[in-house]
Amino acid sequence: MRADTLWTNARLLTMTPCRPVSAERGTIAARDGHIVHIGPDAVDAARTIDCGGRLITPGLIDCHTHLVHAGNRAAEFELRLKGASYEEIARAGGGIVSTMRQTREASEAELVEQALPRLDALIGEGVTTVEIKSGYGLDPGSERKMLRAARALGEQRPVRVATTFLGAHALPPEFAGRADAYIDAVCDDMLPALGGLADAVDAFCEGIGFSPAQVERVFDAARNQGLPVKLHAEQLSNLHGAALAARYGALSADHLEHLDEVGVAAMAASGTVATLLPGAYYFTRETKLPPIDALRAAGVPIALATDSNPGTSPMTSLLLVMNMAATLFRMTVEECLLGVTRNAAAALGLSGEIGTLEIGKACDLAIWNVSEPAELVYRIGFNPLHARVFGGEATVRQA
């Protein structure tokens, strides 16, 4: 066997089901951007890199972000500190609609320019795949502009971008009082006009978002377009959105603080991933924990993500997300690491390509200056990334 690059003297954290967080010394080799060898022995390669005993994990995956948007909502943060709730701010014209106005006014190039520092922060912590949603345009042209900007980010940086159409995110002012008419526009106008810009379809099932019946219409339209679905569900209340998503075989249901046992069972039966967003939980000072024990008991895969957005989770650190999941949700080190690798890949429908170190998968690696896997979850405000490899090529290297 001949490889392009061989990494030797490494401790491999494969994240495979048999030994997810058991780091064993070995080598890993890539050819044409994919893993062709992994194990204790070396193979012939054009280039050999001695990892000095460092830990190698799959490249990290941020499977839920709103990375593309214009402006910020720092003023709303101040209001929240004074006691205003997320729902009160949204009903007063703030929240998602506030970002919508700024995003509509921005050009595609401006959206890319503003998003690049956020993306670079993720890349700098070993992220090799990021999901990016639309949902701040809320009209056909602006939604497509956001998705084009997301695609452009993947062209300007060595990173895999999965795009999600979130037209059913909030009701724009021009449709005030006419939610059903807006859903008509989402289904009949926006979705058919995407032209391959979206890899999946999402919606916000909530009292300040859209009803389960309206979400069903969006999911039916997505199915007609051949697109998988995801759902913001049970964040502020229990509208049984997770069970609805499971009926449609959704890739994931996300947030889930108010998820009940019926929803857990439905997700377990469908294989829908539970994507938890501890940054939003922390930032909004939520007190109701997602039902971690019930998800564990039912065998529902749990993913973690930044939910990077201007209003409720302005964060760009998956390392911090893992620490928050451990401290706030009492998740284990293994669960946290699976949440940003294997289970995050499943939440994007990309399990066959990324998320574990296995022959045939993309050679997306994060090489860390740590002695134990637990350090990746334990430390706060510390970035131990030594090198990041995307498609077999090193793209970020630190001291």
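Reader: In this predicted model, which residues do ring pairs link into a cluster with Phe-175?

Author: The model is a predicted one. Within it, ring pairs join Phe-175 to further aromatic residues in a cluster. Phe-175 itself is buried. The other members of the cluster are Tyr-182 and Phe-210.

Reader: Is the pair of Phe-175 and Tyr-182 stacked or edge-to-face?

Author: The ring centres of Phe-175 and Tyr-182 are 5.3 Å apart, and the planes stand at 65°. Planes over 60 degrees apart count as edge-to-face. The pair of Phe-175 and Tyr-182 is therefore edge-to-face.

Reader: How many aromatic pairs does a search of the whole structure find, and how far apart in sequence are the parts tied together by Phe-77 and Phe-283?

Author: The search of the whole structure gives 5 aromatic pairs. Phe-77 and Phe-283 form a stacked pair, with 5.1 Å from centre to centre and 20° between the planes. Phe-77 belongs to helix α1 (residues 74–81) and Phe-283 to helix α10 (residues 278–283), so the pair ties together parts whose separation in sequence is 206 residues.

Reader: Is Phe-283 buried or exposed?

Author: Its partner Phe-77 has a relative accessible area of 34% and is partly exposed. For Phe-283 the relative accessible area is 18%. Buried means under 20%, and Phe-283 is therefore buried.

Reader: Are the axes of α6 and α7 roughly parallel or roughly antiparallel?

Author: Helix α6 (residues 179–190) packs with helix α7 (residues 212–224) at an angle of about 10°, the axes being 9 Å apart. Angles under 35 degrees count as roughly parallel. The two helices, α6 and α7, are therefore roughly parallel.

Reader: Which residues of α7 make the contact with α6, and how many residues of each class does the contact have?

Author: On α6 the contact is made by Ala-179, Asp-180, Ile-183, Asp-184, Val-186 and Cys-187. On α7 it is made by Gln-214, Arg-217, Val-218 and Ala-221. By class, the contact of α6 with α7 has 3 charged, 1 polar and 6 nonpolar residues.

Reader: Across which strands does α7 lie?

Author: Helix α7 runs at about 175° to β9. Strand β9 (residues 200–205) pairs with strand β10 (residues 230–233) in the parallel sense over 2 bridges, and Cys-205 has Ala-233 of β10 as its bridge partner. The strands that α7 lies across are β8 (160–168), β9 and β10.

Reader: Which strands stand at the edges of the open sheet?

Author: The open sheet has 8 strands with parallel pairing, in the order β6-β7-β8-β9-β10-β11-β12-β13. Two of these strands each have a single partner strand, so one side of each is left without a neighbour in the sheet. Those edge strands are β6 (60–62) and β13.

Reader: What is the value of phi for Leu-138, and what is it for His-255?

Author: Most residues other than glycine have a negative phi. Leu-138, in the loop between β7 (127–133) and α5 (140–156), is buried with a relative accessible area of 1%. His-255, in strand β11 (residues 252–255), is buried at 2% relative accessibility. Phi is positive in both residues, near 60° for Leu-138 and near 90° for His-255.

Reader: With which residues is Ser-317 in contact, leaving aside its neighbours within four places in sequence?

Author: Ser-317 is placed in the loop between β13 (302–304) and α12 (318–329). At 13% relative accessibility, Ser-317 is buried. Apart from neighbours within four places in sequence, the residues in contact with Ser-317 are Leu-122, Glu-125 and Thr-306.

Definitions and conventions
Residues numbered from 1 in each chain as written. Predicted model: local features only at pLDDT ≥ 70, side-chain atom pairs only at ≥ 80, totals over all residues. Heavy atoms only, no water. Axes fitted to C-alpha atoms, helices over the stretch in contact; angles between N-to-C directions. Helix = DSSP H or I, 4+ residues; strand = E, 2+ residues; numbered from the N terminus. Parallel < 35°, antiparallel > 145°, perpendicular 65-115°, else oblique. Contact = heavy atoms within 4.5 Å. Nonpolar A, V, L, I, M, F, W, Y, C, P; charged D, E, K, R; others polar. Buried < 20%, exposed > 50% of the residue type's maximum accessible area, 1.4 Å probe, protein only. Pairing = 2+ DSSP bridges. Phe/Tyr/Trp six-rings, centres within 6.5 Å; stacked < 30°, edge-to-face > 60°.
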